[in-house]
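Colleague: I've got a structure on my screen and would like to talk through its sheet and pockets. Could you bring it up?

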Amino acid sequence: MAKHRGGPLPNCMEKVAEDLGAKLPLRFPKTALMEDAAGVSLKTAEIVRETLRQKPDALLCFPAGSTVTETCRILKEMQQRNEIDFSQARFVSLDEWVGLENADENCSAFLRKHLYEPLGIPEKHLTLFDPYAADLTAECKRIDTYITSQGGIDLMILGIGMNGHVGLNEPGESFDSCSKVVTLAETTKQVGQKYFSAPADLNRGIMLGVRQIFEAEKVVLQVIGEAKKDIIYAMYHAQPTKELPATVMTLLSGGLVIIDRAAASRILDLL
Ligand code: GLP
């Protein structure tokens with residue numbers, strides 16, 4: 001699959017054209033419709049397996065959300081059956097909460113619990129955001145430099161937020177930026193409470209930028225459950241726009257949306 005490396009990015013030209021009155025045909029991201037959540041998780045795990053078969057030391061990037069947890073469990077099963085080898089696989093953070101008092105429930109902790117520890121990934125193969133770094137700009141640069149030095153991300157798995165964010169890239173964030181710190185949207189602050197055992201003071205996030213999504217070799221957006229059906233309807237009825245970051249999937253040659261019937265219930269006529 002092709003990468004977008006160097007040069008200017010499209011950066012919502014469709015939105016500009018629409019604002020000027022152009023009537024553009026809608027384009028849809030490549031989409032795999034699965035019967036249920038189990039189907040989405042299995043297909044995603046198969047893509048991870050194939051990625052590591054082709055490149056055993058691939059650089060992988062996982063989201064820290066409810067959607068991916070079943071995929072993590074299937075990957076562990078595949079490992080137990082010797083169908084997949086994680087011994088050389090490397091992982092980089094997608095996103096992280098900034099300023100949490102308790103680090104035990106942040107994104108890194110979530111992925112340690114569901115993915116890195118069950119799979120036995122050694123610490124030297126993990127490059128994770130430190131949201132407590134004194135200089136967060138330098139922290140962003142550290143992660144960007146690492147990704148570039150590794151030749152880019154081979155497989156990025158994303159989830160979609162209830163407001164269309166991907167990897168905490170909130171509505172309005174530029175499509176042409178690398179790692180950065182952002183102020184979280186109200187929806188994200190509210191929905192994000194589900195990850196914590198006590199109310200969490202969510203204000204900012206540190207994450208990879210949309211440019212790094214463009215530059216990944218393969219990008220899978222997993223979508224599961226009826227709660228996502230309205231944001232999915234909006235995503236499939238919008239031109240690519242930074243106001244709905246998940247629409248970036250339309251612009252990726254190596255992008256695939258893997259969605260279950262419940263989340264796709266309002267767009268079945270399009271698929
Ligand atoms: C959260 C996470 C993202 C995740 C997304 C969807 O804010 N930080 O990495 O992909 O939102 O989460 P979920 O799968 O729980 O719906």
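Modeller: What follows is a short round of questions on the sheet, a helix and the largest pocket. This is a predicted model, in which local features need pLDDT of at least 70, side-chain atom pairs count only at pLDDT 80 or more, and totals for chains, interfaces and linings use all residues. Residues are numbered from 1 along each chain as its sequence is written, and side-chain values use heavy atoms, with hydrogens and water left out.

Colleague: Which strands stand at the edges of the sheet?

Modeller: Strands here are DSSP runs of E, at least two residues, numbered from the N terminus, and two of them pair if DSSP finds at least two bridges between them. The open sheet has 7 strands with parallel pairing, in the order 1-10-9-6-2-3-5. Each edge strand has a single partner, so one side of it is left without a neighbour in the sheet: those are strand 1 (31–34) and strand 5 (126–127).

Colleague: Inside the sheet, what is the bridge partner of Ile157 in strand 9?

Modeller: Strand 6 (residues 155–159) and strand 9 (residues 218–223) run parallel, joined by 5 bridges. In strand 9, Ile157 is partnered by Val220.

Colleague: Which helix gives the most to the lining of the largest pocket?

Modeller: A helix is a DSSP run of H or I, at least four residues. Both strand 4 (95–98) and helix 6 (186–191) supply at least two lining residues. With 3 residues, the one giving the most is helix 6.
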